[in-house]
Amino acid sequence: QVLFALNQTLLQHESLRAGSLQAPYTTEDLIKHYNCGDLNAVIFNHDTSQVPNFINATLPPHEQVTAQEIDSYFRQELIYKRNERMGKRVMALLRENTDKSFFFAFGAGHFLGNNTVIDVLRQAGFEVEHTPPGQPI
């Protein structure tokens, strides 16, 4: 699986460099939507936008199974579990310091797809509000 993932990642990068594959969004798109607080933008609704897309319809059936397994693993380990850990850290700070105010800033990766840090906190009963740039807190 590791060799398959490395080969697929290299093939994707070669295709991007050669111009035969177009990236679904640019880094500038990600920054713009993040800064504007547009967390529901198409970019942020993809669970796997942080990891290479190994699922490819042109792969032979046995490789498609491997690609799906790797994709599921990355989604679970790199996104869901990480956001769960971050959400628990935030909750612990808030519960241990009820007399203090906090400001938390997260990288864009914590807002991708489902099971974001915000989802984790809201599911635990916390109220979370986005403060747009330039608005007083």
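What share of the 137 residues in the chain is buried? Hi everyone, the answer is 28%. Please keep in mind, as I go through this, that we are looking at a predicted model.

Let me begin with the overall layout. The chain has four helices and zero strands, so to read the elements from the N terminus on, you just say α-α-α-α. Among contacts between residues at least 6 apart in sequence, 65% join residues at least 24 apart. As for the surface, the chain exposes about 9,500 Å², and carbon and sulfur atoms supply 54% of that.

Now to helix H1, residues 2-18. With 17 residues at 1.5 Å a residue, H1 should span 24 Å, and its end C-alpha atoms are indeed 24 Å apart, so the two agree. Which residues of H1 are buried? They are Phe4, Ala5, Gln8 and Thr9. Looking down the axis of H1, you find these buried residues within an arc of 130 degrees, so they line one face of the helix. That buried set packs against H3. On the face turned away from the buried side, you meet the exposed residues Val2, Leu3, Leu10, Arg17 and Ala18. Right after H1 comes glycine 19, with a positive phi near 90 degrees.

Next, a residue I'd like you to find on the screen: threonine 66, in helix H3, which covers residues 61-96. Is threonine 66 buried or exposed? Its relative accessibility is 19%, and because the cut-off for buried is under 20%, threonine 66 counts as buried. A polar atom of its side chain lies 3.3 Å from the backbone oxygen of histidine 62. Leaving aside residues up to four places away in sequence, threonine 66 touches Gln1 and Phe4. Phe4, you'll remember, is one of the buried residues of H1.

Finally, the nonpolar cores. In soluble globular proteins, nonpolar side chains tend to be buried together. Here, the largest nonpolar core has eight residues: Val90, Met91, Phe106, Phe111, Val117, Ile118, Val120 and Leu121. H3 and helix H4, residues 117-123, each supply at least two residues of this core. The largest share, four residues, comes from H4. Apart from this core lies another one, of five residues, including Ala5, Leu59, Ala67 and Ile70. Ala5 is also among the buried residues of H1.

That's my tour. Thanks for listening, and I'm happy to go back to any part of it.

Definitions and conventions
Residues numbered from 1 in each chain as written. Predicted model: local features only at pLDDT ≥ 70, side-chain atom pairs only at ≥ 80, totals over all residues. Heavy atoms only, no water. Buried < 20%, exposed > 50% of the residue type's maximum accessible area, 1.4 Å probe, protein only. Polar contact = N/O pair within 3.5 Å; in protein donor to acceptor, adjacent residues only side chain to side chain. Contact = heavy atoms within 4.5 Å. Core = buried A, V, L, I, M, F, W, Y, C linked by side-chain atoms within 4.5 Å. Expected span 1.5 Å × (residues − 1). Arc of directions from axis to C-beta. Areas by Shrake-Rupley, 256 points an atom, 1.4 Å probe, with all protein chains shown as cover.
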